[in-house]
Amino acid sequence: MAGKLLFKGMLAGLIASLLIFCFLRVFGEPPLERAIAFEEQAESAVPHAHAPEVAAAEPELVSRQTQAGFGLLTGVLAYGAAVGGLFAIAFAFANGRLGALGPRTTTLLLAAVGLIALVLVPALKYPPNPPAVGSGDTIDARTQLYFVMMGFSLFTAVAALITGRRLWMSLGDWRAFVLPAGVYVATIALALAALPSVNEVPETFPTDALWAFRAASLTGHVIFWAALAVAFAAIQTRSPKARSREHISA
Amino acid sequence: MSTLLQHQAKFSGSIATPAPIPLREVMPWALFGGLMMLLAIYFVGVEEGALSVFAGSYVHEYVHDARHLLGFPCH
């Protein structure tokens, strides 16, 4: 049962990631190309002492065409299948344990929590950046901060979900939703204020390209989680057993 | 009997919630599957950036655009 769910989640993730591959290819690649053009221009404009050395140390291992094509596709598919699988595991724990929620509502709720806690909230503090933004010297610290923010957000969101489930019997739908959600927002606000900010955008970097890049990245994630939820629910209800159960709880 | 239950459930909306999968059954899948999934995310998001399993930067370069567009710190 759990094994089948895992497979279904990965399948739904693959479907969703095919969609966002198309989206990112059309809307994400142009600002990314502009960022690379900016990077190259900046490098050639300032011929400082170690510039040739850097150029020599970075031979083009993978062509831009491959990076923007099969590379992007592979990366997005692997990410999509993995997030879909993790989503299915979360669903296996949550389904039937969230009060009166049926499988479809549980799917939607989990996808909304996933999108907010794993993508939107971490992006408030550490937004997606195109090439040329961010110094190679700080990659370790930036990677740590990004995952700390994401882990903290996920942990707090799951705690809020479990608390809401506990409060539901005594406080009813509305307050069992609003109270934990409020605590989540307040906790996140504290974390956003406490964690160090990172601003490594070069002064002359084109702001519209930065905005277009971030908007494309975040929209891609929104499409991914929406498609994941819909595809997962659709695959779930395809099996006759699940269909009859869905019918009962609908 | 079952049709009566179904009927009741359909209209009261709260009787039949799906039977949860026992935790004992979910755990092995969650541990092993979760590990595999995190490994995949690691290779797309982090490998040859902040941490490296393989030497060189081929993996990093190959998934470069995906890493940027999915929002991971890349370089």
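User: What crossing does helix 3 of chain A make as it passes helix 2 of chain B, left-handed or right-handed?
Analyst: Happy to help: this is a predicted model, where local features need pLDDT of at least 70, side-chain atom pairs count only at pLDDT 80 or more, and totals for chains, interfaces and linings use all residues. Residues are numbered from 1 along each chain as its sequence is written, while chains are lettered from A and ligands numbered from 1 in the order written. Helices are DSSP runs of H or I with at least four residues, strands are runs of E with at least two, and both are numbered from the N terminus. A crossing is left-handed if the near helix is turned anticlockwise from the far one by less than a right angle, and right-handed if clockwise; for helix 3 of chain A passing helix 2 of chain B, the crossing is left-handed.

User: How are helix 3 of chain A and helix 2 of chain B oriented, roughly parallel or roughly antiparallel?
Analyst: Axes are lines fitted to C-alpha atoms over the stretch in contact, with angles from 0 to 180 degrees between N-to-C directions. Helix 3 (residues 64-94) of chain A and helix 2 (residues 23-45) of chain B pack at about 155°, with axes 9 Å apart. Angles under 35 degrees count as roughly parallel, over 145 as roughly antiparallel, 65 to 115 as roughly perpendicular and the rest as oblique. The angle therefore makes helix 3 of chain A and helix 2 of chain B roughly antiparallel.

User: How many nonpolar residues does the contact of helix 3 of chain A with helix 2 of chain B have?
Analyst: Two residues are in contact if their C-beta atoms, placed from the backbone, lie within 7 Å. Among those making this contact are A:Gly75, A:Ala78 and A:Phe93 of helix 3 of chain A, and B:Trp29, B:Gly33 and B:Met37 of helix 2 of chain B. Ala, Val, Leu, Ile, Met, Phe, Trp, Tyr, Cys and Pro count as nonpolar, Asp, Glu, Lys and Arg as charged, and the others, including Gly, as polar. By class, no residue in this contact is charged, 4 are polar and the nonpolar ones number 16.

User: Is B:Ala66 buried or exposed?
Analyst: B:Ala66 lies in helix 4 (residues 64-69) of chain B, and its contacts beyond four places in sequence include A:Gly75, A:Tyr79 and B:Val44. Buried takes 20 or more other C-beta atoms within 10 Å of a residue's own, exposed 12 or fewer, and partly exposed is in between. Because B:Ala66 has 28 C-beta neighbours inside 10 Å, B:Ala66 counts as buried.
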